[in-house]
Amino acid sequence: IDDYGDYLFVLLYAALAPEDPPVFAPRQLAIFLSKNFLISIHNHPIRAIATGLDRARRVPERALARGLDYKFFHIVDYLVDNFVVCAEYYEEILDDIDERSMDENVTNAILVELTHLQRVLMRMRRMVSAERELAVQIANGEYEFIGAEVDRRFDHIYQHLTHTFELIEGMRETGHAIRDNFYAVLAERTNALMRTLTIFSTFILPLSLITGIYGMNVSIWPNSDSPLSFLFVGVLMAISSVCMFIYFRKRKWI
């Protein structure tokens, strides 16, 4: 906000595009405000301006009855309300991601969603923080074109922006928790896989030992020429496997 003596120049950002759903689509809005005029300049449609024009058309006798500064307050109030709507929409999306992050079948795709959402939240946070500072300046009564009653109403806008800022900060913390959840699930999945492979290797080790010994060119009873040799080796391997299985079950490793 810049004070040029005869008028104020205010640069704001709208949070939402005109169409649904309420995704964050910032659009720049420039406003020139004096005692005699209020001019808004924007390259794209903005909900706050459209809402204000619609209300003015429906109740023309009340459109400017309370002054241009009051109309300016309404425009900014609409902008801020849309920031709240946008933040609450992303909070619902984040809650859904949070629930899916604990699924044992979760994939890396959830990190892509989370990263995109965090970028949006960082951008929104910067804009909310900047507009909150603007609301403080106006609420302190620093500008003559804005009356005392409207100054007090900007305290309400400041509170809304503070609520939105805290909501975004909470979502950022939730995002960090989701990453921790994902890596915890991934680590547990890796541990389970390694445990399975270790147990499998442990079962194979004594069987390999038995077949290795009987595969040597050494006379062992029953030797390889005996019809009982294959049966003996097979029974020995089966007994070894059963004993290992019973031992592992008692130690609750499987």
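This short presentation walks through selected features of one predicted protein model.

Some conventions come first. Residues are numbered from 1 along each chain as its sequence is written, and side-chain values use heavy atoms, with hydrogens and water left out. Because the model is predicted, local features need pLDDT of at least 70 and side-chain atom pairs count only at pLDDT 80 or more, whereas totals for chains, interfaces and linings use all residues.

I begin with the strands. Helices (H or I, at least four residues) and strands (E, at least two) are DSSP runs, numbered from the N terminus. Strand 3, residues 24-33, pairs with strand 4, residues 38-41, in the antiparallel sense, and 4 bridges are involved. Two strands are said to pair if DSSP finds at least two bridges between them. The connection from strand 3 to strand 4 is a hairpin of 4 residues. Which residue in strand 4 is the bridge partner of Leu-33? The partner is Leu-38.

From the strands I move to the aromatic rings. A pair of aromatic rings is described by the distance of the centres and the angle of the planes. Here, rings of Phe, Tyr and Trp (its six-membered ring) pair if their centres lie within 6.5 Å; planes under 30 degrees apart count as stacked, over 60 as edge-to-face and the rest as tilted. The count by this rule is 11 aromatic pairs. One of them joins Phe-9 and Phe-32, a tilted pair with 5.0 Å centre to centre and 45° between the planes. This pair links distant parts of the chain, since Phe-9 sits in strand 2 (residues 8-16) and Phe-32 in strand 3, 23 residues apart. Phe-32 has a relative accessible area of 24% and is therefore partly exposed. On the scale used here, buried means under 20% relative accessible area, exposed over 50%, and partly exposed in between, with a 1.4 Å probe and protein chains only.

A second ring pair has another geometry: Phe-182 and Tyr-183 are edge-to-face, at 5.4 Å centre to centre and 70° between the planes. Are these two residues buried or partly exposed? Phe-182 is buried, because its relative accessibility is 2%, while Tyr-183, at 44%, is partly exposed. Returning to Phe-9 and Phe-32, ring pairs also bring in Tyr-4 and Tyr-7, so that these four residues form a cluster.

The next topic is charge. Side chains of opposite charge can pair when their charged atoms come close. A salt bridge is defined as a side-chain nitrogen of Lys or Arg within 4 Å of a carboxyl oxygen of Asp or Glu, and the count by this rule is 6. In one of these, the closest N and O atoms of Asp-96 and Arg-100 are 3.1 Å apart. The two residues are 4 residues apart in helix 2 (residues 68-101), which means that about one helical turn separates them. Asp-96 is partly exposed, with a relative accessible area of 38%, and Arg-100 is partly exposed at 32%.

Arg-100 also meets Glu-113 in a salt bridge, at 2.9 Å from N to O. Because Glu-113 lies in helix 3 (residues 109-139) and Arg-100 in helix 2, this pair ties together parts that are 13 residues apart in sequence. Glu-113 is partly exposed as well, with a relative accessible area of 34%.

A further salt bridge joins Arg-172 and Glu-169, whose closest N and O atoms are 3.1 Å apart. These residues are 3 residues apart in helix 4, and so about one helical turn lies between them. Arg-172 is partly exposed at 28% relative accessibility, and Glu-169 is partly exposed at 24%. Salt bridges that share partners join Asp-96, Arg-100 and Glu-113 into one network.

Helix 4 (residues 148-214) also holds Arg-195. This residue is partly exposed, with 41% relative accessibility. Which residues does Arg-195 contact, leaving aside its neighbours within four places in sequence? They are Glu-188 and Trp-253, where contact means heavy atoms within 4.5 Å. By C-alpha atoms, Arg-195 is separated from Leu-64 by 74 Å, and the two are 131 residues apart along the chain.

I close with Trp-253, which lies in the segment after helix 5 (228-250). At 41% relative accessibility, Trp-253 is partly exposed.
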